[in-house]
Every structure is written in structure tokens, then in C-alpha cells.
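Open the model in your viewer and keep the selection tool ready. We will go stop by stop.

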Amino acid sequence: MATEEICETSLSLQKRLEEELERLKKILGINDLQVIWIPEGDPKLSGKVEGNTIFIYEVDEEKAIDALRHEIIDYMISKVIELSLIHI
């Protein structure tokens, strides 16, 4: 694969992740998240949430989208737990 094709694929998947994130944010009423795609960034993880940023490490597009969806659920659960602990 030529370097130009790799760059085009990278931009395409980053854009696809951003579009999916925007779609999910609208459905879920979330405003403060962003996604960054780092292919093969951490071989032990598909993705992770740090603060308001979701990092996706999957190379395959469908796996990356699935990881994004998983991390949004993780983010939402973490927010509920944080709010619960504040009110204890």
C-alpha cells in the first residue's frame, strides 16, 4: 500500500469515528467528548477513555467503531458512578 493510500485511509477512519461519535452524542445527549484514532497505539487495548477524550487503537474499521461504542458506554457508566459518589 502506498503512503498516500495509508494517509487517506487514516483520515477516512478518523473521520468515520468522528461522525459516529457525533451521531451517538446527539442520541445520548453528550457534548463533551472527542475521539482520537491511534492505530496500534496499545496492543493490549482496543480503546480507552481519558478525561473527555476517547482513544481508539483498532486498525480495522468495524472493530474501531465497535471499540468507540464500547468506550462511550464505559464513559457514561463512569459518569453515573462519579455523580453517585459525589452525593454520598
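Start with Glu40. This residue is exposed because its relative accessible area is 65%, over the 50% cut-off. The model is predicted, so treat each stop as a computed picture.

Stay on Glu40. It sits in the loop between β1 and β2 (47-50). Now add Tyr57 to the selection. The two residues are 17 apart along the chain, yet their C-alpha atoms are separated by 5.1 Å. Add Val59 as well: leaving out residues up to four places away in sequence, Glu40 touches Tyr57 and Val59.

Next, select β3 (53-56). Which way do its side chains point? Thr53 and Phe55 point one way, Ile54 and Ile56 the other, and all are buried.

Show the partners of β3. β1 (34-37) runs parallel to β3, joined by 4 bridges. Val35 has Ile54 as its bridge partner. β2 runs antiparallel to β3, also with 4 bridges. Here Lys48 is partnered with Phe55. Check the hairpin of β2 and β3: 2 residues lie between the strands, and Gly51 in the turn has a positive phi of about 65°.

Now centre on Ile54. Beyond neighbours within four places in sequence, its contacts include Leu21, Leu33, Val35, Ile36, Val49, Leu68 and Ile72.

Finish in the largest nonpolar core, which has 16 residues. Select Leu17, Ile54, Ile56, Leu68 and Ile72, the members that touch the most others. α1 (3-28), β1, β3 and α2 (61-86) each supply at least two core residues. Colour α2 last: its 6 residues are the largest share.

Key: Residues numbered from 1 in each chain as written. Predicted model: local features only at pLDDT ≥ 70, side-chain atom pairs only at ≥ 80, totals over all residues. Heavy atoms only, no water. Core = buried A, V, L, I, M, F, W, Y, C linked by side-chain atoms within 4.5 Å. Buried < 20%, exposed > 50% of the residue type's maximum accessible area, 1.4 Å probe, protein only. Contact = heavy atoms within 4.5 Å. Pairing = 2+ DSSP bridges.
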